[in-house]
Amino acid sequence: MTTIGIFGATGRTGSRVLTRALDAGFEVRALVRDPGKLTVFSPRLTVIPGDVLDAAAVDHTVRGSDAVLSLFGQVKGSPHTLQTTGTALIVAAMKRDGVTRVVTLSGGGLPAPSDRPGVPDVVIRFLLKTLAGHVLADAKGHLAVLESSGLDWTVVRGPRLTEKPGTGSYQVGWVGVNASTQISRDDLADFILTQIDDRTYSGQLPFVSA
């Protein structure tokens, strides 16, 4: 049985991925800062209290996992390099424990070579860089860590995330190519879970939208 290490399991997208992983029969090791925020419980869920900037807690979460889903991101008050530093600690733990597959979550503001951004996309990226430049810089930093890691990585990117119920249908492409401007967190969670075993986008940054 596959065991997944999940970082960010209590977030609005991460909690959906956690639920789906357990429903699909996976064993899950989840690092959470506040276990009280968990909305699902299972004998197949191992909860590790701690922070992604705590190397020992990160290593405890990765150890025994077959793949890692890194779904945490910056929130108000987070260090400006949270994703970059946390990803570096996750990568180091994976190398120590012989885990090779990692899937992370980012936004469409993080550019990819196959993107063909239209005017709305360019505007959104400009606003992100202007109003939250540290978030974009952190996303780029975490990608640089993955690119130099030698691991089997995929960065899943999404547009504006909604709380609408999932439709069970989504598009996988690139910004400006086979893409829309939003997706429900349910549908994004569905796609993320497929990436545990699907290597179609290994070493790439697919953009998933409605």
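Let's start with Phe41, which is exposed at a relative accessible area of 64%. Here exposed means over 50% relative accessible area, buried means under 20%, and partly exposed is in between (1.4 Å probe, protein chains only). Phe41 sits in the loop between E2 and strand E3 (45-49); helices (H or I, at least four residues) and strands (E, at least two) are DSSP runs, numbered from the N terminus. The C-alpha atoms of Phe41 and Thr19 are 8.9 Å apart, with their positions 22 residues apart along the chain.

Keep in mind that this is a predicted model, where local features need pLDDT of at least 70 and side-chain atom pairs count only at pLDDT 80 or more, while totals for chains, interfaces and linings use all residues. Residues are numbered from 1 along each chain as its sequence is written, and side-chain values use heavy atoms, with hydrogens and water left out.

Now the aromatics. The whole structure holds three aromatic pairs. Rings of Phe, Tyr and Trp (its six-membered ring) pair if their centres lie within 6.5 Å; planes under 30 degrees apart are stacked, over 60 edge-to-face and the rest tilted. Tyr170 and Phe191 have ring centres 5.7 Å apart and planes at 80°, so they make an edge-to-face pair. Tyr170 is in the loop between strand E7 (160-162) and strand E8 (171-173) and Phe191 is in helix H6 (residues 185-194), so this contact ties together parts 21 residues apart in sequence. Phe191 is buried at 4% relative accessibility, and Tyr170 is partly exposed at 27%. Phe191 also pairs with Tyr201: centres 6.3 Å apart and planes at 65°, so edge-to-face again. Tyr201 lies in the loop between H6 and strand E10 (207-209) and is buried, with a relative accessible area of 17%. Tyr170, Trp174, Phe191 and Tyr201 form one aromatic cluster.

On to charges. There are 12 salt bridges, each a side-chain nitrogen of Lys or Arg within 4 Å of a carboxyl oxygen of Asp or Glu. The table shows some of them.

| Pair | N to O distance |
|---|---|
| Arg20 and Asp186 | 3.5 Å |
| Arg96 and Asp59 | 3.5 Å |
| Arg101 and Asp152 | 3.1 Å |

Arg101 in strand E5 and Asp152 in strand E6 (residues 152-158) are 51 residues apart, and both are buried. Arg12, Arg16, Arg20, Glu163, Arg185, Asp186 and Asp190 are joined into one network by salt bridges that share partners. Within the Arg20 and Asp186 pair, Arg20 is partly exposed at 22% and Asp186 is buried at 17%. In the Arg96 and Asp59 pair, Arg96 is exposed at 55%, whereas Asp59 is buried at 12%.

Finally, the largest pocket has a volume of about 1,500 Å³. On a 1 Å grid over the protein atoms alone, a pocket is an open set of points where a 1.4 Å probe fits, with protein on both sides within 12 Å along at least five of seven lines; lining residues have an atom within 4 Å of a point. The volume is the space filled by probe spheres set on the points, which are joined across faces, edges and corners. Its lining has 50 residues, with Leu71, Phe72, Gly73, Gln74 and Leu105 nearest the centre. Elements giving two or more residues to that lining include helix H3 (82-97), strand E5 (101-107) and helix H4 (119-131).
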